[in-house]
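Reader: I am new to this structure and should like to understand how its terms are applied. May I put some questions to you?

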Number of protein chains: 4
Amino acid sequence: MITVGIVGATGYTGVELLRLLSQHPQVVIQCVTSRSEAGKAVSELFPNLRGHIDIAFSEPDINQLADCDVVFFATPHCVAMDMVPQLIARNTKVIDLSADFRLQDVNQWQDWYKMTHTCPELIEQAVYGLPEVNREQIKQAQLIAVPGCYPTATQLGFLPLLEQNLVDPSHLIADAKSGVSGAGRKAAIATLLTESSENMTAYAVSGHRHLPEITQGLNKACNTPVHLTFVPHLTPMIRGIHATLYATATQEADLQAVFEQRYANEPFVDVLPAGHHPSTRTVKGTNLCRIAVHQPQNSNTVVVLSVIDNLVKGASGQAIQNMNILFGFPETMAIDAIAVMP
Amino acid sequence: MITVGIVGATGYTGVELLRLLSQHPQVVIQCVTSRSEAGKAVSELFPNLRGHIDIAFSEPDINQLADCDVVFFATPHCVAMDMVPQLIARNTKVIDLSADFRLQDVNQWQDWYKMTHTCPELIEQAVYGLPEVNREQIKQAQLIAVPGCYPTATQLGFLPLLEQNLVDPSHLIADAKSGVSGAGRKAAIATLLTESSENMTAYAVSGHRHLPEITQGLNKACNTPVHLTFVPHLTPMIRGIHATLYATATQEADLQAVFEQRYANEPFVDVLPAGHHPSTRTVKGTNLCRIAVHQPQNSNTVVVLSVIDNLVKGASGQAIQNMNILFGFPETMAIDAIAVMP
Amino acid sequence: MITVGIVGATGYTGVELLRLLSQHPQVVIQCVTSRSEAGKAVSELFPNLRGHIDIAFSEPDINQLADCDVVFFATPHCVAMDMVPQLIARNTKVIDLSADFRLQDVNQWQDWYKMTHTCPELIEQAVYGLPEVNREQIKQAQLIAVPGCYPTATQLGFLPLLEQNLVDPSHLIADAKSGVSGAGRKAAIATLLTESSENMTAYAVSGHRHLPEITQGLNKACNTPVHLTFVPHLTPMIRGIHATLYATATQEADLQAVFEQRYANEPFVDVLPAGHHPSTRTVKGTNLCRIAVHQPQNSNTVVVLSVIDNLVKGASGQAIQNMNILFGFPETMAIDAIAVMP
Amino acid sequence: MITVGIVGATGYTGVELLRLLSQHPQVVIQCVTSRSEAGKAVSELFPNLRGHIDIAFSEPDINQLADCDVVFFATPHCVAMDMVPQLIARNTKVIDLSADFRLQDVNQWQDWYKMTHTCPELIEQAVYGLPEVNREQIKQAQLIAVPGCYPTATQLGFLPLLEQNLVDPSHLIADAKSGVSGAGRKAAIATLLTESSENMTAYAVSGHRHLPEITQGLNKACNTPVHLTFVPHLTPMIRGIHATLYATATQEADLQAVFEQRYANEPFVDVLPAGHHPSTRTVKGTNLCRIAVHQPQNSNTVVVLSVIDNLVKGASGQAIQNMNILFGFPETMAIDAIAVMP
């Protein structure tokens with residue numbers, strides 16, 4: 001049994017952590033903080049939790065948080081980096097769902113986030129929490145930076161190709177489609193139902209903050225600088241990311257076998273049979289990444305289809321997968337639900 | 001540990017039974033029958049089940065079914081009534097999600113379903129599987145008729161008022177809104193996304209088959225013949241029923257207290273605090289019925305808002321709740337999930 | 001040719017006025033005001049208008065507005081009442097889409113809107129712009145209060161019954177379902193796609209501001225005080241209102257004929273054949289109200305189904321219908337589009 | 001004034017032709033044929049047309065059709081090719097919305113459509129009805145093959161780049177997202193709201209019938225065989241195609257200027273300002289193609305975003321644009337509506 005604190009649980013990754021952790025048999029949720037909602041019952045803000053969680057939001061208190069075995073940050077960027085050093089100093093484990101510790105190059109981070117990083121000294125020891133790459137480091141980590149949603153779907157789709165040098169790293173394309181929950185739980189016109197349903201649009205084509213994160217991971221996978229074009233799209237659905245990935249094959253290979261072998265022992269990566277197409281609804285509410293690899297018309301263009309739930313494998317589910325690994329629980333504990341269909 | 005068979009599991013109540021039963025710790029799914037899909041892996045038809053259920057559809061075989069402890073019928077009406085007698089004769093328990101045994105009056109059944117009932121002798125012993133009314137009878141049942149979706153939401157909303165004679169039974173109105181999954185998993189133009197999204201429409205105003213079922217339950221609740229006007233609407237969402245119920249109060253009463261007391265011990269009925277409005281998404285994927293009672297503008301019109309997931313509390317979840325009661329398992333076992341939000 | 005000004009055109013009724021008026025052959029749009037967007041091209045805020053409207057938002061200027069033949073207010077309540085007196089004083093016609101002049105009883109207005117009305121002296125001369133009731137007065141009006149969306153759908157559905165004293169006025173029920181655009185174009189969490197799609201919920205059951213407006217119209221129709229229970233619901237679609245109306249018949253009548261005769265000469269009310277059910281998508285983008293009347297199960301409960309597009313017949317289209325009547329243009333000019341289906 | 005016949009108007013391109021042609025000031029709709037619906041009023045099948053079209057479906061009759069000035073085929077493939085020769089022989093103009101005459105290579109057609117073409121002799125004289133490429137030939141055409149939906153969005157996006165040899169033709173990618181109406185108005189499980197809403201999936205990655213059509217057009221644009229990878233996706237919305245196109249620049253160029261000049265005189269292609277992202281809802285119900293060109297991160301990868309309404313510019317609107325050109329009407333007549341937003 002471990003005790004858990006959650007900082008900033010009023011957003012979508014927060015409520016998703018609460019939903020999943022409240023049914024985790026080895027977890028006690030100790031405190032859930034929110035400056036804006038302090039005093040309000042969690043189940044009042046999130047009525048799906050009525051009858052399941054009987055706790056109120058509290059003001060963030062560093063002592064109370066430090067008493068937990070692990071603290072999750074479900075905050076916008078630039079919040080965690082101010083509080084993490086104190087927790088680390090007191091030996092509390094930290095699992096940060098925000099972007100603060102994802103990029104190893106602090107200058108790059110500062111360029112993309114237009115802020116001064118207040119805690120650059122901890123960046124190096126932060127483990128990038130993609131279990132399919134860093135499972136061993138996660139076990140020993142003090143501070144885990146949970147990958148972003150697009151980076152999770154994109155990296156898992158490209159990794160088998162790049163690790164084996166099967167494609168040209170200088171010309172990768174990721175055409176990614178995200179549900180609207182990727183924009184978070186915040187009042188905004190662009191993501192009203194009236195504006196974003198019955199509509200499809202690309203955004204941030206000139207540059208999205210997840211680009212350097214993805215590139216960092218892909219560089220490492222093939223030990224060479226890759227060039228990626230990344231185009232995100234806002235899709236009229238609540239949840240789900242469908243990443244359609246394009247690469248140019250540089251040699252013949254049984255790609256189906258390559259993918260199946262790469263993920264043979266991964267509990268949360270499901271390589272579909274040859275010729276299949278994954279759909280986002282089959283992973284909704286689950287921690288799965290479903291992948292299919294195609295080489296249409298026998299050309300040298302490889303097409304990988306990779307789908308996740310952006311709030312589970314793309315955020316809170318993966319955070320708990322990291323926690324399970326970190327504390328020696330079965331890796332799938334409390335994150336093995338079946339998608340509700342239809 | 002009990003063994004379970006499912007007849008006709010290719011529809012939405014079928015896949016929902018599979019999703020829920022596959023994670024039930026006391027259940028082994030023995031056989032899943034379908035004439036049309038015999039031989040195909042269940043997870044091929046329903047890719048959400050990949051990795052969770054490793055069984056194929058088989059031709060319905062009465063011997064194989066009779067060997068199960070309990071058989072669920074997730075079939076259209078008029079299928080169960082042909083097979084149930086043989087199962088009952090061999091002492092297999094039957095939980096029928098179809099309409100075949102819901103109406104106690106066989107003539108009424110035949111009027112509404114335009115068929116001759118082939119097994120009228122079993123109707124009397126069938127228990128109407130609404131645990132909030134018939135829990136004791138369910139424990140002893142051999143054959144359970146699981147209530148329909150509209151009838152579940154509507155009866156749970158009206159019962160406290162009628163049982164206590166607080167409203168005029170001769171003038172009840174149920175304005176019910178259902179998600180499209182209520183129409184089942186069958187090829188049809190009217191329920192294409194192109195036809196049913198971005199649209200709202202009433203249907204079957206002249207008479208819907210759930211009307212006599214609801215009326216039968218309400219009659220019994222108040223020991224007097226009620227008159228109900230029931231107007232169903234097709235709503236552009238996958239799941240959920242929102243029943244808005246209207247009745248005329250015949251005396252003063254603390255309705256909030258009446259509802260809270262009526263359902264104080266019910267694990268799956270959640271009476272909201274005074275002034276609240278339940279929303280269908282808070283019960284999506286769950287076996288909950290959430291209810292609020294209002295008396296707007298201090299008039300004598302009582303408004304009850306009652307929401308369920310039509311495929312869970314309105315079908316498969318309630319079927320499993322019945323099974324849990326029947327076999328002495330904890331009533332909430334395997335049907336206590338939290339709704340995924342957003 | 002007339003010149004038109006629009007105050008507050010950054011909301012949904014504003015963009016709808018712009019869409020419709022820009023294709024009106026007798027209209028020149030002179031000025032479009034917005035404090036927040038002054039200087040920005042209209043087509044930048046509303047990209048559907050690119051290539052169709054070449055004008056920028058300007059600061060509201062009373063002189064510029066007064067020079068127009070008619071000024072539309074597409075503002076939240078309490079804006080028009082401050083500017084209208086100056087326009088009326090200069091003989092400019094005013095068509096107000098807000099609630100400021102809809103209620104004839106200023107005290108009632110102040111109770112529901114929690115504000116002091118700053119211009120009570122003009123209330124009496126304001127014509128309630130429901131052409132199916134007040135066409136003659138509209139022709140002579142200086143100031144028109146365009147009905148709200150719910151009030152339009154509800155009144156058109158109840159009027160034939162009440163005008164002929166066919167139902168009991170003391171027990172009317174309006175169960176109304178609205179698309180999310182009814183909440184307007186403003187940043188808010190509750191109407192995000194993530195919150196309001198795949199969901200159905202009632203709201204404001206205790207009392208909605210459209211209740212006194214509807215009641216006022218119904219009282220007048222039957223010359224007696226009616227009692228109405230009005231329950232609005234938020235429906236997961238962009239546009240459309242489906243009002244399901246319930247009343248108790250007090251005498252036998254051929255209701256189909258009553259409705260057909262009442263609306264025989266109305267260009268924008270379409271009474272469906274007996275037994276039909278209107279759907280909101282058939283009126284989307286149009287100024288039509290489609291109505292069907294039922295008497296299910298031969299009971300004395302009358303059910304009327306009334307659908308409109310809340311932003312057209314429920315707001316901007318009806319405003320232009322008023323303008324057409326006021327200036328002697330053909331009543332259907334520029335508002336006779338066919339709904340796009342699917 | 002011309003007379004028009006429509007063959008097979010029970011699908012979505014059919015109802016869209018009816019909607020648009022019924023408001024075309026130079027058109028009389030003479031006959032609307034359907035074997036399955038003969039005798040039924042058009043407005044009964046398509047209630048949006050009630051009050052606008054007062055005609056019934058009739059059995060297809062070649063004499064009646066030949067008496068029209070022009071006949072539209074809104075049929076599945078392999079219907080037009082059986083009837084067109086008789087119409088051409090009698091000098092009736094034909095505008096075919098199906099695929100029968102789109103491919104100039106009959107063998108390629110037969111490979112992709114798995115049928116013997118019954119009228120190969122007319123293929124050569126068929127004009128491919130993309131006005132932005134073939135306007136002059138359309139003016140003289142007897143038989144017009146209206147482009148498919150994906151081919152329209154994709155070609156309009158790639159043409160400026162290929163015509164000027166600015167990109168490598170051997171490595172083109174089109175990642176296309178289509179609304180569900182692209183699947184047509186036919187009973188099917190995969191396109192039910194329950195199956196296709198709240199979901200994103202690629203399909204036909206191994207090869208889609210629009211691939212050879214697109215390739216044929218692109219080959220011609222650059223006078224060299226291109227290689228295109230085309231991945232279509234089913235998107236949870238009714239209408240709209242968003243084609244995201246990727247190409248590798250082979251030289252420096254002011255791409256914004258290239259696109260603006262290419263389409264400067266095109267009434268239905270709107271090149272957005274630099275840095276913008278088109279969204280499908282801004283073209284819904286209109287004949288517009290909106291395009292933006294990007295070169296993200298200053299790399300040599302060009303990204304073109306091209307959006308259309310699949311049923312208008314991608315089918316029926318473009319068919320009418322062809323008709324307008326063919327008969328010398330203003331090109332935008334009856335197809336210049338503004339998109340309804342929101």
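Reader: What makes residues of chain C count as in contact with chain A, and how many residues of chain A are involved?
Author: Contact means heavy atoms within 4.5 Å. By that criterion, 20 residues of chain C are in contact with 20 residues of chain A. This is a predicted model, in which local features need pLDDT of at least 70 and side-chain atom pairs count only at pLDDT 80 or more, while totals for chains, interfaces and linings use all residues. Residues are numbered from 1 along each chain as its sequence is written, chains are lettered from A and ligands numbered from 1 in the order in which they are written, and side-chain values use heavy atoms, with hydrogens and water left out.

Reader: What area do chain C and chain A bury between them?
Author: Buried area is the accessible area (1.4 Å probe) that two parts lose on being put together, summed over both. For chain C and chain A this comes to about 1,600 Å², with 71% of it on carbon and sulfur atoms. Helix H8 (residues 193-196) of chain C supplies the largest share of the side that touches chain A, namely 4 residues; a helix here is a DSSP run (H or I) of at least four residues, numbered from the N terminus.

Reader: How many salt bridges are counted between chain C and chain A?
Author: The term requires a side-chain nitrogen of Lys or Arg within 4 Å of a carboxyl oxygen of Asp or Glu. The count between chain C and chain A is 0.

Reader: Which relation links chain C to chain A?
Author: Copies are superposed by least squares on the C-alpha atoms of residues with pLDDT of at least 70 in both. Chain C is superposed on chain A by a rotation of 180° with 0.0 Å of shift along its axis (RMSD 0.0 Å). That is therefore the relation of a two-fold axis. Moreover, 100% of the interface residues of chain C are also interface residues in chain A, so the copies meet through the same surface.

Reader: Why is Gln261(D) called buried, partly exposed or exposed?
Author: Buried means under 20% relative accessible area, exposed over 50%, and partly exposed in between (1.4 Å probe, protein chains only). Gln261(D) has 61% relative accessibility and therefore counts as exposed. Gln261(D) lies in helix H10 (residues 255-262) of chain D.

Technical notes. Helices (H or I, at least four residues) and strands (E, at least two) are DSSP runs, numbered from the N terminus.
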